[in-house]
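Reader: I'm new to this, so please pick one part of this structure and walk me through it slowly. I'd love a close look at the sheet.

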2 protein chains.
Amino acid sequence: MTSDGLQLRSLIKSSGELELSLLRVPVPAPGADDVVVRIEASPINPSDLGLLLGTADMRTAKLSGTKDAPVLTAGIPPNLLRPMTARLDQSLPVGNEGAGTVIQAGDASRALTGKTVAIVGGGMYAQYRTIKAADCLVLPADATAADGASCFVNPLTALGMVATMRAEGHTALVHTAAASNLGQMLNRICLKDGVALVNIVRNAEQAGILRAIGATHICDSSAPDFFDALTRALTTSGATIAFDAIGGGKLASQILTAMEAAANANAKSYSRYGSTVHKQVYIYGGLDTGPTELNRGYGMAWSVGGWLLTPFLIKIGATEGNKLRARVVAELKTTFASHYTKTISLREMLEPAIIAAYNKRATGEKYLVNPSL
Amino acid sequence: MTSDGLQLRSLIKSSGELELSLLRVPVPAPGADDVVVRIEASPINPSDLGLLLGTADMRTAKLSGTKDAPVLTAGIPPNLLRPMTARLDQSLPVGNEGAGTVIQAGDASRALTGKTVAIVGGGMYAQYRTIKAADCLVLPADATAADGASCFVNPLTALGMVATMRAEGHTALVHTAAASNLGQMLNRICLKDGVALVNIVRNAEQAGILRAIGATHICDSSAPDFFDALTRALTTSGATIAFDAIGGGKLASQILTAMEAAANANAKSYSRYGSTVHKQVYIYGGLDTGPTELNRGYGMAWSVGGWLLTPFLIKIGATEGNKLRARVVAELKTTFASHYTKTISLREMLEPAIIAAYNKRATGEKYLVNPSL
């Protein structure tokens, strides 16, 4: 019986300080429908970094405490404390998803004992996690925990984008920060499913990554002919919906402008309110935390809004959601394969130099945590 | 038989010049299902000004031509010519809506002869307009053309806002530039229908206009406590959808921020992605033509987009649309009454001093054109 284990906690104090620590916490005994998973692999996704580090200035990070109980502190600039109001002085577990071995099971869940499973639901940067058996995705026999660590967030987000595109009546889509792990996955889905995908990247190196995996439309926003190239790609593909990981700046507005230019390319008469083709940008990330600037030079048939995986899954319901999960398991080592720059331990998660590396949010780089190390 | 009549035309030349003129054009003879209306009243709505004046700098306006054939010209700043590309060198009739007397009718439309009708569909800044009888809204016997001149754009827009609010699952709404003719109409609808309306105005005088007609929630964006007052009004009313006539600047983002604060006022635990309450801002005007700046500090459940009357009417279909029109006629002199600052002739529409007056887009001021003068 496992009675306790280490768990990473993130605390933002109202005094304006971030504190990361490793707590030894009791492992809840499994109820009849529960299992205890020993976490062996959990990715650090961009969506984890927000909860983990908040708005702290990580250049001020300092490690203290002991080897067994390390504590990392960092200052929060006073003007960035307000967005943290709702979480002040609460010690929060972190880590969206992970995978590992079922080491204990309730009476109704015995069949899972010893299986390698993928799980989601927070608190994965921990040695053990008690969770409902029904929430476990059993991995194929030849899959390791590392293979299944990123089963949920990226695969379901990428599948969710294509499903949202279809549900809202579009036939092709645009993706920004397109050379990311998620972006590469989205390319594999679209190539397999025959969906046209316009990839927007920020430099020539990222364009090369996508060319190498067979992407069709690649537009480099740092190139002088970016807008014309984007308009051509949108005219050819007919994409009228975009998923944007950048958020801030003018990119969302440029995409809408180019969609409007593509829609008007074949227009026959003057429409004073612009084209009637609905143009949609969903912002699902915030690599640029600055304001989004919309010039509205694209008629009246446009929308910009937030997009998030969980509400999408609630909207489509359990049956459709399970179909998506089954596809992820079936194509785990092909379409949905993730690649990691490095595997680190829970303790290493608190080391300033390593934080600087995984917090770079560099396209194509991703860190994996193994809490059992 | 009326064979021809004056019609106002707006032309933007690729050389960078706006030209307004009065052309004598043939009046198309009515087919069996048509009527010819002598236009006696047509409002100058903000939505007409865009087509009428384009992006011309009206400080450069010059009147020439003859009394019978006046011509107004004005320069277009080179950087503002590009948005006009789609309409260059096309002589366009102007005027969304109007009312007047049926002076000729096709065989199937005789019953309308002599009736005062309201019509919509462009080209109303003209002495005569041939139109389908089915598109005429017959006014009550005691209504003048001036009473019915603004039957469509403002009344259906205001009703469309309330209908959109209901259709998208909201229970109260926000309106900006709220002391406008449209805004006052929306207040009368909401007071009558028992819908909570949060009015955002830009100064104390406008607040006074709304207080005088019984508006409940009035927030003055020029007041130092604007944000707190708005948050209180949103908390009380529960409004999660806004219709914004301003467009540019930070107001849309402030509204979303205040909606989020209102939604979180009663939240019980920290939600890392913000509240799950969907917050919507529809931009339907552009009093501020600058970019819309969104700081995205309101979680992920938000959307900002364009809203336009015509697609709304297409979406709800003819049956629902006719119900709205019938309500406008039934409440023409109460809920949907419009007030005009001044009535002018077609010729006066081309006089620089008068253009300066009706182009001010001052809240609560509205000009009426009587092409029969």
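**Along the sheet**

Author: Let's start small: A:V201 stands opposite A:D220 in β13(A). This is a predicted model, where local features need pLDDT of at least 70, side-chain atom pairs count only at pLDDT 80 or more, and totals for chains, interfaces and linings use all residues. Residues are numbered from 1 along each chain as its sequence is written, chains are lettered from A and ligands numbered from 1 in the order in which they are written, and side-chain values use heavy atoms, leaving out hydrogens and water.

Strand β12 of chain A covers residues 196-201, and four bridges join it to β13(A), with the two running parallel. Strands here are DSSP runs of E, at least two residues long, numbered from the N terminus, and two of them pair if DSSP finds at least two bridges between them.

Now zoom out: 12 strands form an open sheet with mixed pairing, in the order β13(A)-β12(A)-β11(A)-β14(A)-β16(A)-β18(A)-β18(B)-β16(B)-β14(B)-β11(B)-β12(B)-β13(B). At the edges stand β13 (217-220) of chain A and β13 (217-220) of chain B; each has a single partner strand, so one side of each has no neighbour in the sheet. From one strand to the next, the twist averages 15°, using axes fitted as lines to C-alpha atoms and angles from 0 to 180 degrees between N-to-C directions.

How do the two chains relate? A turn of 180° and a shift of 0.0 Å along the axis lay chain A on chain B with an RMSD of 0.0 Å. That's the relation of a two-fold axis. The superposition is by least squares on C-alpha atoms of residues with pLDDT of at least 70 in both copies.
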